[in-house]
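Me: I should like to learn how to read a structural model feature by feature. Could we begin with the model below?

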Amino acid sequence: MVMYLLQLAAWVVFMAALILWPAGTLAYPGAWAFIALITIAGLATILWLSKHSPSLLRERMASPLQRDQKPWDRVWLSLFMLGFCAWMAFMGWDAARNGFTAVPVWVQVLGGLAIVVNSIGTWWTFRENSFAAPVVKIQQGQKVIEAGPYAIVRHPMYASALFLLVGLPLLLGSWIGLAFSALFIVGIAWRAVHEERALRADLSGYEDYTARVRYRFIPFVW
């Protein structure tokens with residue numbers, strides 16, 4: 001538990017530096033709001049998983065690059081993490097360049113609420129699926145999950161991530177950052193399609209599940 005809390009603290013500090021350093025100031029309310037949200041969500045997730053699903057907690061806190069991970073996913077995840085960090089730093093700089101006033105306060109609040117929705121969606125996914133590893137791989141004993149959010153969309157974790165990718169640039173105050181969100185959404189969609197190919201090939205019953213639950217991210221859309 002202590003190790004996981006230290007990992008969380010290191011991640012929060014890294015995120016704070018990634019945003020505040022390019023901004024050039026500590027007087028950045030949107031950044032501090034985001035830091036508070038990820039700290040609360042991270043702490044709540046660790047405490048909940050440690051009690052209800054220790055195995056999933058180990059998976060979520062493990063290295064994002066693993067030996068039994070699909071090779072293409074290792075490349076994708078490396079590029080995604082680098083791009084995400086660059087995006088965060090850019091948004092801190094862009095918001096400061098515009099005096100932290102480009103995005104109205106009420107829109108920033110909506111961005112913060114979207115991040116809360118992402119956290120709730122992530123928790124709902126974890127509650128129903130103890131195999132929700134951060135990498136694409138088939139785990140021992142893994143089975144198709146159809147309960148909870150999986151009865152609505154096939155990738156509820158990715159669906160929740162859409163709220164984060166839209167809400168974060170709004171909270172941080174960067175319209176250009178919001179435009180770049182589209183690239184990350186396309187990247188996640190690409191991963192979902194390739195992940196499904198692996199699941200259809202290696203996970204018994206997944207093909208039938210895709211026939212019952214038609215949509216990946218957004219009901220009646222895709």
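**A residue in the C-terminal segment**

Reply: Let us start with Phe 220, which lies in the segment after α8 (206-212). Please keep in mind throughout that this is a predicted model.

Me: Is Phe 220 buried or exposed?

Reply: A residue counts as exposed when its relative accessible area is over 50%. Phe 220 has a relative accessible area of 72%, so it is exposed.

Me: What is there to note about the phi of Phe 220?

Reply: Most residues other than glycine have a negative phi. Phe 220 is not a glycine, yet its phi is positive, near 70 degrees.

Me: Where is Phe 100, and what is its phi?

Reply: Phe 100 belongs to the loop between α4 (71-97) and α5. It is another residue other than glycine with a positive phi, in this case about 60 degrees. Phe 100 counts as partly exposed because its relative accessibility is 26%, a value between the cut-offs of 20% and 50%.

Me: Which glycines with a positive phi follow helices α1 and α4?

Reply: Gly 24 follows α1 and has a positive phi near 75 degrees. Just after α4 comes Gly 99, where phi is positive at about 65 degrees.

Me: How should the chain be described as a whole?

Reply: One begins with the secondary structure. The chain contains 8 helices and 0 strands, so that its elements read α-α-α-α-α-α-α-α from the N terminus on. The overall dimensions come next: the C-alpha atoms fill a box of roughly 55 × 40 × 30 Å along the principal axes.

Me: What does the radius of gyration say about the chain?

Reply: The idea is to compare the radius with that expected for a compact globule. For 222 residues such a globule would have a radius of gyration near 17 Å, and the 18 Å of the chain agrees with this. Two further values describe the packing. Of the 222 residues, 47% count as buried. Among contacts with a separation of 6 or more, 79% are between residues 24 or more positions apart.

Me: What can be said of the surface and the charges of the chain?

Reply: The accessible surface comes to about 11500 Å², and carbon and sulfur atoms account for 70% of this area. The chain carries 17 positive and 11 negative charges, and the mean positions of the two sets are 3 Å apart.

Me: How is a single helix to be checked, taking α1 as the case?

Reply: One compares its span with a rise of 1.5 Å a residue. Helix α1 (residues 2-23) has 22 residues and should span 32 Å; its end C-alpha atoms are 32 Å apart, which agrees. For α4, with 27 residues, the distance from the first C-alpha to the last is 39 Å, close to the 39 Å expected.

Me: Which residues of α1 are buried, and what do they pack against?

Reply: An α-helix has 3.6 residues a turn, so residues three or four places apart point the same way. The buried residues of α1 include Tyr 4, Leu 8, Val 12, Met 15, Ala 16 and Ile 19. The buried residues of this helix pack against α2 (29-52), α3 (54-61), α4 and α6. Ala 9, also in helix α1, is partly exposed, with a relative accessible area of 39%.

Me: Which residues of α4 are buried, and what covers them?

Reply: Among them are Asp 73, Trp 76, Phe 80, Phe 84, Trp 87 and Met 91. Their cover includes α1, α2, α6 and α7 (175-202).

Me: What surrounds Trp 87?

Reply: Trp 87 lies in helix α4 and is buried, with a relative accessible area of 4%. Beyond its neighbours within four places in sequence, it is in contact with Leu 165, Leu 168, Pro 169, Gly 177, Phe 180, Ser 181 and Phe 184.

Me: Is His 155, in the loop between α5 (105-128) and α6 (156-172), buried or exposed?

Reply: The cut-off for buried is under 20% relative accessible area. His 155 has a relative accessibility of 6% and therefore counts as buried. Apart from its neighbours within four places in sequence, His 155 is in contact with Ala 192, Glu 195, Glu 196, Tyr 206, Arg 216 and Phe 217.

Notes:
Residues numbered from 1 in each chain as written. Predicted model: local features only at pLDDT ≥ 70, side-chain atom pairs only at ≥ 80, totals over all residues. Heavy atoms only, no water. Helix = DSSP H or I, 4+ residues; strand = E, 2+ residues; numbered from the N terminus. Rg over C-alpha atoms; globule rule 2.2 N^0.38 Å. Buried < 20%, exposed > 50% of the residue type's maximum accessible area, 1.4 Å probe, protein only. Contact = heavy atoms within 4.5 Å. Areas by Shrake-Rupley, 256 points an atom, 1.4 Å probe, with all protein chains shown as cover. Lys, Arg positive; Asp, Glu negative; His and termini not counted. Charge placed at Lys NZ, Arg CZ, Asp CG, Glu CD. Expected span 1.5 Å × (residues − 1).
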